[in-house]
Protein chains: 2
Amino acid sequence: MRQVAVVGVGMTKFGRSEEKTQLELFAEASMDAINESNLRPKDIQALFIGSAAGDWTEGQTIIGGFAADEIGLAGVPAPRFEGACSSGTMAIRDAFIWVASGYYDIVLAGGFERQTVLSTPMNTRMMATGVHSFYETPTGLSFPGVFGLLAHLYAHKHNIPLPKLKESMAQVAIKNHKNGAKNPKAQFQKEITMEDVFNSMMVATPLQLYDCCPISDGAAAIVITSADVARKLTNKPIYIVGLGQSSAGALCNQKDITRVKSREISAKQAYDMSGLTPKDIDVCELHDCFTIAEIVASEGLGFFDFGDGYKAVDRGDTEIGGRIPINPSGGLKAKGHPVGATGPAQVYEIAKQIRGECGPRQVDGARIGITDTMGGSFAAVVNIILKRGW
Amino acid sequence: MRQVAVVGVGMTKFGRSEEKTQLELFAEASMDAINESNLRPKDIQALFIGSAAGDWTEGQTIIGGFAADEIGLAGVPAPRFEGACSSGTMAIRDAFIWVASGYYDIVLAGGFERQTVLSTPMNTRMMATGVHSFYETPTGLSFPGVFGLLAHLYAHKHNIPLPKLKESMAQVAIKNHKNGAKNPKAQFQKEITMEDVFNSMMVATPLQLYDCCPISDGAAAIVITSADVARKLTNKPIYIVGLGQSSAGALCNQKDITRVKSREISAKQAYDMSGLTPKDIDVCELHDCFTIAEIVASEGLGFFDFGDGYKAVDRGDTEIGGRIPINPSGGLKAKGHPVGATGPAQVYEIAKQIRGECGPRQVDGARIGITDTMGGSFAAVVNIILKRGW
């Protein structure tokens with residue numbers, strides 16, 4: 001298989017889009033990525049789209065073809081990938097193989113969502129389609145409940161007093177808001193305090209409002225080419241050196257959600273493929289849909305021992321400038337979480353970090369980064385390792 | 001790239017599933033395909049699922065992981081593809097590249113749907129999410145309307161009196177019901193007459209009830225391996241020799257829907273890749289969601305000149321035993337159309353035809369077959385050419 005590179009990235013500001021439709025958001029991000037790649041739309045041979053909720057939010061299925069047409073690509077193959085919150089990086093992983101195999105030289109991959117057009121109750125119902133409809137839906141479970149249970153289980157398993165764990169969880173939110181305040185694309189560009197977190201409303205014990213990521217609109221896209229093509233287009237190609245994807249069934253079939261097996265399988269694939277280990281990673285964008293999710297993911301990716309992730313936050317290990325900076329973009333928590341766009345936006349951030357283009361939130365000397373996107377109740381995890389190619 | 005083969009196929013009976021969920025239907029089809037391949041679930045390295053409507057019908061997204069878990073594959077990558085009615089063959093085309101590239105040796109691809117759990121009005125609304133939500137939905141357009149317009153346009157363009165065209169369209173329905181009556185997996189196993197068609201209720205002029213495919217439940221799956229692996233598993237491997245996929249935007253951006261451009265692009269890709277021409281094809285399963293759709297597709301695939309497709313039906317060219325047998329399975333019209341399962345069921349039929357296992361509906365000496373799956377208002381077309389490998 002051929003070496004594959006990211007040559008251009010684009011994303012919209014995340015937040016509320018009152019005027020732009022999901023296709024218009026996608027067009028904005030895509031054209032930025034195409035322009036940055038020194039390409040024109042007619043150079044793109046295929047489009048890979050991640051979108052989780054367009055059926056509900058704008059009443060639209062088969063959106064791949066419409067997305068292609070929106071930016072002048074009508075006629076290219078344009079499959080849509082749906083894996084709940086991991087939809088976007090599923091699309092990117094798939095785009096990789098079409099280029100690595102030699103079938104295509106230049107493709108576009110990305111994702112989008114426009115969720116604020118739904119009311120909060122309808123967003124809650126829509127997001128809850130990501131739990132198992134026969135084993136979990138009848139219990140009333142939705143994602144805040146799943147991650148509330150995870151926090152209790154994590155505290156119990158590692159013998160952590162809940163108030164202590166809640167402090168560490170709050171530190172995750174504080175850090176990600178601090179990072180988001182330095183990211184002009186972030187939904188929330190405002191720092192928060194421990195007091196803000198503890199004064200916010202209870203969502204699903206022990207998760208309070210500031211433990212939860214917001215509902216967002218936005219899009220992100222990347223141009224992927226063979227390494228040969230990349231070298232002609234840019235002097236800053238970024239290679240995709242590791243990929244992983246795994247799945248899991250209903251929660252009742254998962255043994256221990258404090259050690260997400262789908263993540264362990266996926267991350268191992270990505271590390272093995274790249275020949276790298278967690279110690280080689282300079283920067284990480286991971287799936288902090290809830291603060292506890294960041295702690296658990298930071299362990300699952302191999303940065304910290306199981307049960308040490310919450311202490312690592314307290315030590316500042318995951319700050320920009322820390323041992324392994326996590327979510328310098330602000331993460332889902334502060335940057336926002338337009339579901340289909342989330343994975344591509346993680347790749348956008350890692351690419352920008354490796355290129356040294358992140359200004360006040362730059363991780364010094366970042367050469368290698370990993371993304372981690374999780375769908376449903378750990379029912380899918382996708383990991384991508386990116387490496388400086390110059 | 002490596003040669004890729006289909007080694008096993010499975011499908012449920014299509015029709016109404018009162019007891020089995022969409023995942024249980026999928027499990028039935030998949031286990032048949034895996035057993036027929038002389039494999040066990042643990043041999044499968046990845047799962048590629050096409051599903052269009054699970055969000056609406058059973059309130060389930062991120063179903064790939066749950067589908068994998070249902071048959072003992074928990075942990076494998078399991079992306080879901082959504083391209084409306086072409087979802088299932090999108091998944092198969094994608095499965096191809098992961099094997100052709102050498103990344104995987106053995107994968108499972110398929111699709112499913114369980115639509116009869118929705119009322120007819122809700123099915124109509126659900127299916128209508130496949131038209132463009134900003135350019136077409138506000139006009140009230142849904143698929144019977146799109147294909148009614150197509151029939152009028154076809155009659156006008158080729159100067160055919162509408163009553164004459166309606167007779168040829170009825171012949172499509174009569175032929176496909178005749179074929180379906182010989183298919184134990186078909187939803188409708190009953191022949192119909194011209195009188196039945198003309199006495200049926202008007203749906204969207206000139207389309208009457210018997211010009212339209214039904215709402216269905218069902219699943220189909222195939223096991224795809226490298227040619228090397230295939231030769232160890234079966235003495236009847238079937239090679240995937242041609243693949244095409246294309247897209248289109250909203251109808252207002254499509255020039256002439258009597259010549260579906262996305263099909264012309266996709267079919268050309270498949271023919272070019274295989275080095276074959278329409279004359280080489282022995283049997284065809286194509287997207288007859290409405291009778292007029294079969295006529296238009298039979299031209300777009302190169303079997304007949306534009307404007308000759310309706311005469312070809314009258315001549316009996318598309319009957320089993322005719323020049324190019326089309327939809328010997330009964331097609332969407334009589335076999336049924338559980339959306340995500342439709343493409344995989346087309347591949348199932350072509351594989352069975354090439355193996356000579358179709359009993360009373362067998363196309364004598366079939367060695368090469370093509371599938372044609374169309375999504376939305378021509379917004380996606382996928383074609384697959386299969387060839388006897390022994």
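Start by selecting A:Gln115 and everything around it: apart from residues up to four places away in sequence, A:Gln115 touches A:Thr57, A:Asn123, A:Met126, A:Met127, A:Ile215, A:Ser216, A:Asp217, A:His337, A:Pro338 and A:Val339. The model on screen is predicted. In chain A, this glutamine sits in the loop between strand E4 (106-114) and helix H5 (120-127). With a relative accessible area of 1%, A:Gln115 is buried.

Next, show both chains and colour them separately. A rotation of 180° with 0.0 Å of shift along its axis places chain A on chain B, with an RMSD of 0.0 Å. The two copies are thus related as by a two-fold rotation axis. Of the interface residues of chain A, 100% are also interface residues in chain B, so the copies meet through the same surface.

For a residue of chain B with contacts in chain A, select B:Ile62. Which residues does B:Ile62 contact, leaving aside its neighbours within four places in sequence? They are A:Glu82, A:Gly83, A:Ala84, A:Gly130, A:Gly375, A:Gly376, A:Ala379 and A:Ala380. B:Ile62 lies in the loop between helix H2 (54-57) and helix H3 (63-70) of chain B, and its relative accessible area of 2% makes it buried. Now add B:Ala78, which is 16 residues from B:Ile62 along the chain; the C-alpha atoms of the two are separated by 9.1 Å.

Stay in chain B and go to B:Phe378. This residue is in the loop between strand E10 (368-375) and strand E11 (380-388). B:Phe378 has a phi of about 65°, a positive value, although it is not a glycine. Most residues other than glycine have a negative phi. At 2% relative accessibility, B:Phe378 is buried.

B:Asn327 is another stop for backbone angles. Its phi is near 55°, again positive in a residue other than glycine. Look for B:Asn327 in the loop between helix H12 (309-315) and helix H13 (331-335) of chain B. The relative accessible area of B:Asn327 is 0%, so this residue is buried.

Now turn to the peptide bonds before two prolines. In chain A, A:Thr205 and A:Pro206 are joined by a cis peptide bond, with omega about 0°. A:Pro206 is in the loop between strand E5 (202-204) and E6. In chain B, a cis peptide bond joins B:Thr205 and B:Pro206, with omega about 5°. B:Pro206 is found between strand E5 (202-204) and strand E6 (207-208) of chain B, in the loop. Most peptide bonds are trans.

Return to chain A and switch on the surface. Select A:Met201, A:Val203 and A:Leu209: these residues form a nonpolar patch on the surface, and together they have about 260 Å² of accessible area. Within this patch, A:Leu209 is in the loop between strand E6 (207-208) and strand E7 (217-226) of chain A. Is A:Leu209 buried or partly exposed? It is partly exposed, with a relative accessible area of 40%.

Finish with the cysteines. How many disulfides are found over all chains? A search of the whole structure finds zero. Select A:Cys358 and A:Cys284: the closest cysteine sulfur to that of A:Cys358 is in A:Cys284, 14 Å away and too far for a bond. A:Cys358 is buried, at 2% relative accessible area. In chain B, the sulfur of B:Cys284 has its closest cysteine sulfur in B:Cys289, 14 Å away, which is also too far for a bond. B:Cys284 is buried, with a relative accessible area of 0%.

How values were computed: Residues are numbered from 1 along each chain as its sequence is written. Chains are lettered from A and ligands numbered from 1 in the order in which they are written. This is a predicted model: local features need pLDDT of at least 70, side-chain atom pairs count only at pLDDT 80 or more; totals for chains, interfaces and linings use all residues. Side-chain values use heavy atoms; hydrogens and water are left out. Copies are superposed by least squares on the C-alpha atoms of residues with pLDDT of at least 70 in both. Contact means heavy atoms within 4.5 Å. Helices (H or I, at least four residues) and strands (E, at least two) are DSSP runs, numbered from the N terminus. Buried means under 20% relative accessible area, exposed over 50%, partly exposed in between (1.4 Å probe, protein chains only). Patches are made of residues with over 30% relative accessible area and no salt bridge: like charges are joined within 9 Å, nonpolar side chains (Val, Leu, Ile, Met, Phe, Trp, Tyr) within 5 Å. Accessible areas come from the Shrake-Rupley method with a 1.4 Å probe; for residues, only the protein chains shown count as cover. A salt bridge is a side-chain nitrogen of Lys or Arg within 4 Å of a carboxyl oxygen of Asp or Glu. A disulfide is a pair of cysteine sulfur atoms within 2.5 Å.
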